[in-house]
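I am opening a notebook on a structure that is new to me. The entries below record what I looked up, in the order I looked.

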Amino acid sequence: MQSAVRFSIRNLKTNRNTLKKMSEIAELEQALVLAAADADSRQYSEQIIEGIPNYLETETIESSPDYKPENEGINGFSSECSSSTVYSSLDSNRRGRKRKLEEDEHETQSVESEDGYAKVVASHYNRLEEKGLDERSKSRIVYLRNFHNWIKSMLINEYLTKIKEGKKHNAPIRVHDMCGGKGGDLLKWRKGGITHLIISDIASKSLEQCQTRYTDMKNRPYRDRRLGNIYTIEYISADCTRQRLREKYSDPSMKLDLVSCQFAFHYSFESLPQAECMLRNASECLQAGGYFIGTIPDAYDLIARARRNNTNTYGNDVYQVVIDFDLNKPPLFGGKYNFHLDGVVDCPEFLVHFPTFVKLAKKYGLKLVRNEKFFDYFERMKIEGRSLLGNMKSLEVYPSAPGATLVGQDPEDYLHAKDFIKTEIKDNRDNPRVGTLSKSEWEASSIYTTFVFEKVRSTWNTDGTPIYDI
Ligand SMILES: C[S@@+](CC[C@H](N)C(=O)[O-])C[C@H]1O[C@@H](n2cnc3c(N)ncnc32)[C@H](O)[C@@H]1O
């Protein structure tokens, strides 16, 4: 599907400064050119916050007279996650309907099932084929994927480093990779020197692929040996938004140092009970001082782009968003949109209203440490992570090297890089080249934001409930 929207280039000046700074990093063979299309959602933030009732100011979450949520569970919700499987009590008709839902993904996305979208999401990810390195490198979004992998690597490494600083040498480090899918981060955990990994996901086939990847990594004869001993692993196939995971751990008394939820927490904002269940799963085994980290689409940004262009459908040649709620009244939970990212994602997702996320997290003893858009995270980490940027091929070389082809076919995709070379590269080198993301990829990437919460120490109420000083 083709571009429905053109973004303003409001931040060009900032980006120029970025570019200039990057050109000063002499050793970096590729300067990242992040020009154009920063979604500039911040100007819409106030407006959107006003448009959303702030239930969570009070301890109990109640229905507001000016807002009638369509989704169940806002009132009288239970903070307990259900431990039964979502479909166990379906009668045969509903089972039949469910099967149909799994068969026809496009149809399912317009049908709101009584049990939510979990199965739709699971079958989407289960159906995604494992692509080899060769095929992945031919993808239109290869650099976007690599760039996102770089963000994850840096984030994981940043917080594992903090955790290690507070521990004795060789002390165990236990991690939960929540919604870890096919195990895209397995090597990152190895490089981070962890000792035990729990990996959970709703898509059982993805977890099987993850298992194969782990075995391959473990058996790799040479390359990763220098990384030291490999961690132990356990797999949990479960809906993290409805099932209590602790009961499924090999040792339910296990204390974790880090919980990571990459590109997945937004699935829980389908309803309040699901968001609470996910947060409880993230928090309840984390030890005080441990971190809950992740990446999600920025709700402000998603809405801002739609409002700015007065349309529910927007995107470009690499991503597309179809908003499925009233833009003037975005709901706190169940704000569904369909997100399509070239060959990687094509399923319903839910807006995460960040202030609500922060307030819910507080209830589970999680204190916000940082929330940075990918662009800002990059700005902060680009020097520290510059060699990794190169190693992971997170940037495309512009102009392309002889014999290579640019991933973006539209000449506008590289105007920012062209402009940068013309205006910012002052030395007289022949055929200067820079590293960049195509404009379309950057438009997709700049939707995302990182988050970091820290688990705080609790005291206890007389009735046994924890009190967190947040
Ligand atoms: C975009 S993928 C990210 C996978 C992995 N975290 C990564 O960064 O490579 C989202 C993952 O979330 C999983 N997921 C979505 N909803 C879930 C749920 N309710 N419970 C558990 N996993 C879920 C999907 O199956 C999928 O593997």
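What percentage of the residues in the protein chain is buried? I found that buried residues make up 43% of the 470 residues. I note early that this is a predicted model.

**Entry: overall make-up**

I looked up the secondary structure and got 16 helices and 16 strands in the protein chain. I then turned to contacts with a separation of 6 or more. Residues 24 or more positions apart account for 74% of these contacts.

**Entry: the ligand**

I asked which residues surround the ligand. There are 20 of them, and the closest are Cys179, Gly181, Gly184, Ile202 and Gln262. By class, I have twelve nonpolar, six polar and two charged residues in this shell. Helix α5, residues 118-127, supplies the largest share of the shell, with four residues.

**Entry: helix α10**

I checked the length of helix α10, which runs over residues 272-283. Its twelve residues should span 16 Å at 1.5 Å a residue, and the end C-alpha atoms are 16 Å apart, so the two values agree.

Is α10 mostly enclosed or mostly open? Eleven of its twelve residues are buried, so the rest of the structure largely encloses the helix. I listed the buried ones from the start of the helix: Leu272, Pro273, Gln274, Ala275, Glu276, Cys277, Met278 and Leu279, then Asn281, Ala282 and Ser283. The list includes Glu276 as well as Leu272 and Met278.

I then looked for what these residues pack against. The partners are the strands β2 (174-178), β5 (256-262), β6 (286-297), β11 (366-373) and β14 (448-455), together with helix α12 (354-363).

**Entry: strand β14**

β14 is one of the elements against which α10 packs, and I followed it further. Six of the eight residues of β14 are buried, so this strand is also largely enclosed by the rest of the structure.

Which way do β6 and β14 run? They run antiparallel, joined by seven bridges. One bridge I noted places Pro297 opposite Tyr448 of β14. β11 and β14 pair in the antiparallel sense, over seven bridges. Here I noted that Lys367 has Glu454 of β14 as its bridge partner.

**Entry: helix α11 and what follows**

I moved on to helix α11, residues 299-309. Eight of its eleven residues are buried, so the rest of the structure largely encloses α11. The buried residues are Ala299, Tyr300, Asp301, Leu302, Ile303, Ala304, Arg305 and Ala306.

Asn310 follows α11 and lies in the loop between α11 and β7 (313-315). Its phi is near 50°, a positive value in a residue other than glycine. Is Asn310 buried or exposed? I count it as exposed, because it has 9 C-beta neighbours inside 10 Å.

**Entry: two other backbone features**

Phe263 has a positive phi, near 55°. I found Phe263 in the loop between β5 and α10. Phe263 is buried, with 20 other C-beta atoms within 10 Å.

I also noted a cis peptide bond from Tyr398 to Pro399, with omega near -15°. Pro399 lies in the loop between β12 (396-398) and α15 (415-424).

**Entry: nonpolar cores**

How many residues are in the largest nonpolar core? It has 97, and those touching the most other members are Tyr159, Leu197, Leu258, Val259, Phe292, Leu302 and Val352. Helix α7, residues 142-165, gives the most to this core, with eleven residues. Another core, of six residues, lies apart from it, and Tyr398, Tyr414, Ala417 and Val434 are among its members.

I looked up the contacts of Val352, leaving aside neighbours within four places in sequence. They are Phe265, His266, Phe269, Ile296, Ala299 and Phe357.

**Entry: Asp324**

My last stop was Asp324, in the loop between β8 (319-323) and β9 (336-341). Asp324 is partly exposed, with 16 other C-beta atoms within 10 Å. Not counting residues up to four places away in sequence, Asp324 touches Lys336, Tyr337 and Asn338. Asp324 and Tyr337 are 13 residues apart in sequence, and their C-alpha atoms are 5.1 Å apart in space.

Terms used. Residues numbered from 1 in each chain as written. Predicted model: local features only at pLDDT ≥ 70, side-chain atom pairs only at ≥ 80, totals over all residues. Contact = placed C-beta atoms within 7 Å. Near = placed C-beta within 6 Å. Nonpolar A, V, L, I, M, F, W, Y, C, P; charged D, E, K, R; others polar. Expected span 1.5 Å × (residues − 1). Pairing = 2+ DSSP bridges. Core = buried A, V, L, I, M, F, W, Y, C linked by C-beta atoms within 7 Å.
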